[in-house]
Amino acid sequence: MKNDQDKILNEVTENEYKYGFYTDIDIEIFPPGLNEDVVRAISAKKEEPDFMLEFRLKAYRQWLKMEMPNWAHLKIPEINYQKISYYAAPKKNKGPGSLEEVDPELRKTFEKLGISLDEQKRLTGVAVDAIIDSVSVKTTFQETLAEHGIIFGSMSEAIKEHPDLIEKHLGSVVPYSDNFFAALNAAVFSDGSFCYIPKGVRSPMELSTYFRINAANTGQFERTLIVAEEGSYVSYLEGCTAPMRDENQLHAAVVEIIVEKDAYVKYSTVQNWYPGDKNGKGGIFNFVTKRGICRGERSKISWTQVETGSAITWKYPSCILKGNNSVGEFYSVAVTNNHQQADTGTKMIHIGKNTKSTIISKGISAGFSNNSYRGLVKMTKNAENSRNFSQCDSLLLGDKCGAHTFPYIEVDNHNSIVEHEATTSKIGEDQIFYCNQRGISTEDAIGLIVNGYAKEVFNKLPMEFAVEAQKLLQISLEGSVG
Amino acid sequence: MQNEIVISDIEREFIDLYRENRNMFEAKASAQVNKVRKSGIRDFERLGIPGKKNEDYKYTPLQPLFRNGYRKYLEPKKVEFNLAHVFRCDIPTLDTHLVLIVNGFFDKKNGELLRELPSGIIIGSLAAASHEYPELFEKHYGKYASHQDGLVALNSAFAQDGFFLYVPKGTIYKKFIQIVNLLVAKEDIMVQHRNLIIVDDNAQAGVIICDHALTPHSFLTNSVTEIYTAENTFFDYVKVQNEHNNAVQFSHIFVNQEANSNMTSNILTLHGGVVRNNVNVLLNGEGAENNSYGLYLVDQEQHVDNYTFIDHARPNCISNQLYKGVLDDSATGAFNGRILVRKDSQKTHAYQANNNILLTDEAKINSKPQLEIYADDVKCSHGATVGQLDDEALFYMRSRGIPEKEARLIMMSAFTHEIISNIKTDPLRTRINELVEKRLRGELSACDNCAVKCY
């Protein structure tokens, strides 16, 4: 039995990261290094209005004063920020208006990733904004969405076409001074998605951004901004992959969500950056700041994330529940294998009355990995009758990995209820025995149990993503019980 | 993680005071105590008093507490107090052996400096014992209290006296040993006592420690207790903190448990201005079991912060933690619990729970239960809740003719019962139950037991 398991374990851990290919396309890349001139050059390249340059410069100057956070339960190797190139983009003549204009190599890349940019061939109605390295290459279904008044496209386009909206909202949830990586992002972000749902509109399709790091020695710094006006609804998906490389690459993104009265934003991520090889070499450093604010009454934000990739993940999608009766949700499955490290969780800041939040976090660690949940639930004095329920479970598959929980609970009023519970365990031998007895192989049994364990979160994902997530989980873990 | 500490005037004062009195300390103490003292001051100079940035003291800012101009109580003075009053807090039906510690120094009034009980148990002054039993001190003193916390290092540097308890091999002592810590002074003082408890192989014993402040002055206590429980031992540790609002107490307990030892600690905070309890447990042998319970009932402006760190260093150990609190008025509380399961500590069972009731909008609680696990064949869980008394349950009782006040009391006492029921000795449990109920009724003022109505 033990041998069998080891065999399965070997087979699986040798499973190649299937998105690890590299596309040879013409790119325009800045030489490595970061200074004010680089920041100015990025802004100039993007033909940005003055307020953006100012925003970037302020962020850059702030960043110089800041230090990399070291409180997380992570071992982060020294990052030389002068060795990273801060801008890389596929060469193009003019922004692609139609599909034909997109570089065929690029189209192939996305087809290989299973992301079709070809609208005709799409059966399910998902609009995709595809971002390669630092730049958005194509947004599909833009016209269909425009009919509903929805603005969906790349951030750089939006900065040019809707500067008023950007100026109003950019940095309003995650200020440039928020943290080290947010400041860095604000200074050098090259692109990202912008999404605006006008009052009373229910987005007819799911919006999706697909991030791909392709070039070597670059960092990817994208910025996403979602604004949902009164009574609107959108479901937003985000996916990502990167080529396999021996050196680490930095990804520092910022996502901001603004939700007005009665609006609902559902944000789902399947994060599958290259996790490094089984000896822990290479992989993406994923240092992401995601935060949403429920500004109006009865507004709602729901974060769902499946984290399977990245060498190091540092990510805390948060909700500021400002409007009365607003709701925040966080559903997460974080899987770490080999030498991956993850420190992820959420913050629920209750400010409005009768606000509710739910946190369901499932950590799965295997190999030599370390997986931590870190979260804050804060009930301010005004957050009367607020409610939080948190559940953080950890599953350990192997005796060399670690699972940790660091919840912070701060309650400042007397009629809120906060509940937190966490468990850590491994898959019971009796459970596996039960399955074996009924003719289910050990490997399948583990798959079954792990999937059942993560089901609570997968249920929250849009259907397509749920299938992908389930497959991912299988790849990341299959048989890693030793 | 530790940033460079900038030594402030508070630290400077301690360091200077140490230099001035060093000869006096060293002349009185034994070699081992002085050895630990030296490393204590060295570490204190390096660490200082934990600052705002220190994650472990996130919810209890220490610096302001030291700015009260306390006179450091370095030499025992003759103080007058009525012993009869002290015995008020005695547990009548519980046959105990009593030890008095006044302002951090062993008080001879009740007997000689060191006493051997018929069962072979040795109890008395730490200072006297350190000269009498150098081999025991060499083996245990300063071995468990880690100087990672500046306050512990500070205690090591200034440690002079406290109580010493030795339970020899195979001794089963059914009576409780009661240690009463009294604070009596005519001015604001700071005391730092140091205690050592050694429970040798196959022994069984229990202590109850009561903290009282007899005069209304401001007090600051920074005490360190090291407890070593050898193989196959049972040890009970009950601490009742009942000081007044001007008293600040930092109590550090370091427990080292060997194989198959079983230790239960119960920390009951009934009153106190600022209370910080650090419970550090090292499960250093297979089959060890640790139960840590805590109950805090605070009101007015009181602040209580419980910190626990359970280190599962060996496989097959069990730990259980339950901390419950009721916070009234503008009281604030914090719970910071950490379980570490080290690599290869398989078959570990570790549980932790923290439940809180907030009675008013001004009361505040911060809870930070943490799990850090590096072994896979484990069962660990933690839970934390913050809530109120259940309105429906209140309504149910009121609809059956129980007045609201009484109904609330019933619910609160039911809430606290879970902790108290863990006290194994009958008369002690009954007595504590009475105390808690009195406290919940608001009839137990800080100095009630001492019969000296201070204010």
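Start by selecting residues 223-228 and 254-259 of chain A: strands β8(A) and β11(A) pair there in the parallel sense over six bridges. Strands here are DSSP runs of type E with at least two residues, helices are H or I runs of at least four, and both are numbered from the N terminus; two strands count as paired if DSSP finds at least two bridges between them. This is a predicted model, in which local features need pLDDT of at least 70 and side-chain atom pairs count only at pLDDT 80 or more, while totals for chains, interfaces and linings use all residues. Residues are numbered from 1 along each chain as its sequence is written, and chains are lettered from A and ligands numbered from 1 in the order in which they are written.

**Stop 1: around β11 of chain A**

Show Ile226(A) as sticks, and find its bridge partner, Ile257(A), in β11(A). Then add residues 283-294 of chain A, which form strand β13(A) and pair with β11(A), again in the parallel sense, over six bridges. Here Ile258(A) has Ile293(A) as its bridge partner in β13(A).

Why is β11(A) described as largely enclosed by the rest of the structure? Six of its six residues are buried, so the description fits. Buried means that 20 or more other C-beta atoms lie within 10 Å of the residue's own; exposed means 12 or fewer, and partly exposed is in between, with C-beta atoms placed from the backbone. Turn the strand and you will see Val254(A), Glu256(A) and Ile258(A) pointing one way, with Val255(A), Ile257(A) and Val259(A) pointing the other.

**Stop 2: Val265 and the nonpolar core**

Now select Val265(A). Leaving aside neighbours within four places in sequence, its contacts include Ile226(A), Ile257(A), Val259(A) and Ile301(A). A contact means that two C-beta atoms, placed from the backbone, lie within 7 Å.

Val265(A) and Ile101(B) have the most contacts inside the largest nonpolar core, which has 250 residues. Such a core is a set of buried Ala, Val, Leu, Ile, Met, Phe, Trp, Tyr and Cys residues joined through C-beta atoms within 7 Å. Colour residues 180-188 of chain A next: this is helix α8(A), which gives the most to this core, with seven residues.

**Stop 3: a buried loop residue**

Go to Asn324(A), in the loop between β16 (318-321) and β17 (327-336) of chain A. Is Asn324(A) buried or exposed? It is buried, with 21 other C-beta atoms within 10 Å. Beyond four places in sequence, Asn324(A) is in contact with Glu297(A), Gly352(A), Lys353(A) and Asn354(A). Try a distance label to Lys356(A): the two are 32 residues apart in sequence and 9.6 Å apart in space, C-alpha to C-alpha.

**Stop 4: where the chains meet**

Display both chains. The contact takes 31 residues from chain A and 32 residues from chain B. On the chain A side, the elements giving two or more residues are β22 (387-397), β23 (402-411) and β24 (417-425). The largest share, 10 residues, comes from β23(A).

Select β24(A) together with residues 378-387 of chain B, which form β22(B): seven bridges join these antiparallel strands. Look for Ala422(A), which stands opposite His382(B).

**Stop 5: into chain B**

Hide chain A for a moment. Chain B has 10 helices and 22 strands, and its C-alpha trace spans about 70 × 55 × 50 Å along its principal axes. Buried residues make up 54% of its 455 residues.

Select residues 150-158 for helix α7(B); nine of its nine residues are buried, so this helix is largely enclosed by the rest of the structure. Among the elements its buried residues pack against are α1 (9-28), α2 (31-47) and β13 (247-257) of chain B.

In α2(B), pick out Gln32(B). Gln32(B) is partly exposed, with 19 other C-beta atoms within 10 Å. Its contacts beyond four places in sequence include Phe137(B), Tyr141(B) and Gly142(B). Gly142(B) is 110 residues away along the chain, with 8.3 Å between the two C-alpha atoms.

**Last stop: colour by confidence**

Bring chain A back and colour by pLDDT, the predictor's confidence in each residue, from 0 to 100. The mean for chain A is 82, and 82% of its residues reach 70 or more. Residues 93-97 of chain A stay under 50, with four contacts beyond four places in sequence. Over residues 120-124 of chain A the pLDDT is also below 50, and this stretch has three contacts beyond near neighbours in sequence.
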